[in-house]
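Here are some exercises to work through with the model open beside you. Try each task on your own before you read the solution.

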Amino acid sequence: WPFYGDYWVIGLDPDYRWAVVGAPGREFLWVLSRTPQMAPADYADAVGIAAAQGFPVDRLQPTPQPAR
């Protein structure tokens, strides 16, 4: 298969509501949520995990979610 990726799950909510996934070279980072909106405290926890692992969290760009 021509597509592959080397990604790490670096953070995971105990209830599996969100995950933090990044690439080993720290050039890619995602905060993934099971819901369109995350509680601000959860998002702060996720970003803190990424920052502690050396990811440049200042480059994070939230994806706008449509209103329901």
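A residue counts as buried under 20% relative accessible area, as exposed over 50%, and as partly exposed in between. Keep in mind that this is a predicted model.

**Exercise 1. Get your bearings.**
Task: Find how many helices and strands the protein chain has, and in which order the elements run.

Solution:
- Start with the count: the protein chain holds 1 helix and 3 strands.
- Now walk along from the N terminus, and you meet the elements in the order β-β-β-α.
- For the dimensions, the C-alpha atoms fill a box of roughly 35 × 30 × 25 Å along the principal axes.
- Last, look at burial: 22% of the 68 residues count as buried.

**Exercise 2. Follow a hairpin.**
Task: Work out how β2 and β3 are joined, and which residue in the turn has a positive phi.

Solution:
- First check the direction: β2 and β3 run antiparallel, and 5 bridges join them.
- Next, pick one bridge to look at: Trp18 has Ser33 in β3 as its partner.
- Then count what lies between the strands: β2 and β3 form a hairpin with 6 residues between them.
- In that turn, Arg26 has a positive phi of about 65°.
- What should you expect of phi? Most residues other than glycine have a negative phi.
- Arg26 is therefore worth marking as a residue other than glycine with a positive value.
- A second one to mark is Tyr16, whose phi is near 60°; Tyr16 sits in the loop between β1 and β2.

**Exercise 3. Sort the aromatic pairs.**
Task: Find how many aromatic pairs the whole structure has, and decide whether the pair of Tyr7 and Trp30 is stacked or edge-to-face.

Solution:
- A search of the whole structure gives 2 aromatic pairs.
- Take Tyr7 and Trp30: their ring centres are 5.2 Å apart, with 80° between the planes. Planes over 60 degrees apart count as edge-to-face, so the pair of Tyr7 and Trp30 is edge-to-face.
- Where do these two residues lie? Tyr7 is in the segment before β1 and Trp30 in strand β3, so the pair ties together parts that are 23 residues apart in sequence.
- Now take Phe28 and Trp30: the centres are 6.0 Å apart and the planes are at 10°, so this pair is stacked.
- Put the pairs together, and Tyr7, Phe28 and Trp30 are linked into a cluster.
- Finally, use the burial cut-offs. Tyr7 has 46% relative accessibility, so Tyr7 is partly exposed. Trp30, at 34%, is partly exposed, and Phe28, at 43%, is partly exposed too.

**Exercise 4. Place an arginine over a ring.**
Task: Find which ring Arg26 lies over, and whether Arg26 is buried, partly exposed or exposed.

Solution:
- Begin with the ring: Arg26 lies over the face of Phe55, at 5.3 Å from the ring centre.
- Then place Arg26 in the chain: it belongs to the loop between β2 and β3.
- With 27% relative accessibility, Arg26 counts as partly exposed.

**Exercise 5. Explore the largest pocket.**
Task: Describe the volume and the lining of the largest pocket.

Solution:
- Begin with the volume, which is about 450 Å³.
- The lining has 16 residues, and the closest to the pocket centre are Val31, Tyr43, Pro62, Thr63 and Gln65.
- Ask which element gives the largest share: β3 does, with 5 residues.
- Sort the lining by type, and you get 10 nonpolar residues, 6 polar and no charged.

Conventions: Residues numbered from 1 in each chain as written. Predicted model: local features only at pLDDT ≥ 70, side-chain atom pairs only at ≥ 80, totals over all residues. Heavy atoms only, no water. Phe/Tyr/Trp six-rings, centres within 6.5 Å; stacked < 30°, edge-to-face > 60°. Helix = DSSP H or I, 4+ residues; strand = E, 2+ residues; numbered from the N terminus. Buried < 20%, exposed > 50% of the residue type's maximum accessible area, 1.4 Å probe, protein only. Lys NZ or Arg CZ within 6 Å of the ring centre and 35° of its normal. 1 Å grid on protein atoms, 1.4 Å probe; cavity = no way out; pocket = protein on both sides within 12 Å on 5 of 7 lines; lining within 4 Å. Points joined across faces, edges and corners; volume = space filled by probe spheres on them. Nonpolar A, V, L, I, M, F, W, Y, C, P; charged D, E, K, R; others polar. Pairing = 2+ DSSP bridges.
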